[in-house]
Amino acid sequence: MHTDESVLQAAAEFDRVMAAGGPDDALLDASPSLDRWEVEPYAGHTRLSGVVYDHPYLPDGHLISTSLLIKMDRRNRWARTLSRWYRLRHPK
């Protein structure tokens, strides 16, 4: 479960990155990627599910559901969830 403080920290970090023009290549290169992803409803919000690669805690090829989705940009192939940035590969 995420605390109010973690939500505020994620929102502030997201705002800083977006004010600088959005996530740059260095930030996205250091982020895990999701393949065969889709948006799914969860507890009145949305999150992503898909096959993860390069995650700091999960093995490659593991099917996951992310934390709550803050914003995604399908054209530039990135998403920001409550816990981290993701590079988006191919949708499901």
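**Reading the salt bridges and the fold**

The protein has 92 residues and a radius of gyration of 13 Å, which agrees with the value near 12 Å for a compact globule of that length. The radius is taken over C-alpha atoms, and the globule rule is 2.2 Å times the number of residues to the power 0.38. This is a predicted model, where local features need pLDDT of at least 70, side-chain atom pairs count only at pLDDT 80 or more, and totals for chains, interfaces and linings use all residues. Residues are numbered from 1 along each chain as its sequence is written, and side-chain values use heavy atoms, with hydrogens and water left out.

Me: What makes glutamate 13 and arginine 80 a salt bridge?
Reply: A salt bridge needs a side-chain nitrogen of Lys or Arg within 4 Å of a carboxyl oxygen of Asp or Glu. The closest N and O atoms of glutamate 13 and arginine 80 are 3.3 Å apart, so the pair qualifies. Glutamate 13 sits in helix H1 (residues 4-19) and arginine 80 in strand E4 (residues 78-81), 67 residues apart. Helices (H or I, at least four residues) and strands (E, at least two) are DSSP runs, numbered from the N terminus.

Me: Why is arginine 80 called buried?
Reply: Buried means under 20% relative accessible area, exposed over 50%, and partly exposed in between (1.4 Å probe, protein chains only). Arginine 80 has 7%, so it counts as buried. Its partner glutamate 13, at 18%, counts as buried too.

Me: How do you know whether glutamate 38 is buried, partly exposed or exposed?
Reply: Its relative accessibility is 32%, so glutamate 38 counts as partly exposed. Glutamate 38 forms a salt bridge with lysine 92, with the closest N and O atoms 3.4 Å apart. Glutamate 38 belongs to strand E1 (residues 33-42), while lysine 92 lies in the segment after strand E5 (85-88), 54 residues away. Lysine 92 has a relative accessible area of 71%, so it is exposed.

Me: What makes glutamate 40 and arginine 47 count as a salt bridge?
Reply: Their side chains meet at 2.7 Å, N to O, and the limit is 4 Å, so the pair fits the rule. Glutamate 40 is buried because its relative accessibility is 18%, and arginine 47 is buried because its value is 19%. By this rule the count comes to 4 salt bridges.

Me: How many helices and strands are there, and in what order do they run?
Reply: There are 2 helices and 5 strands, running α-α-β-β-β-β-β from the N terminus on. Of the 92 residues, 39% count as buried.
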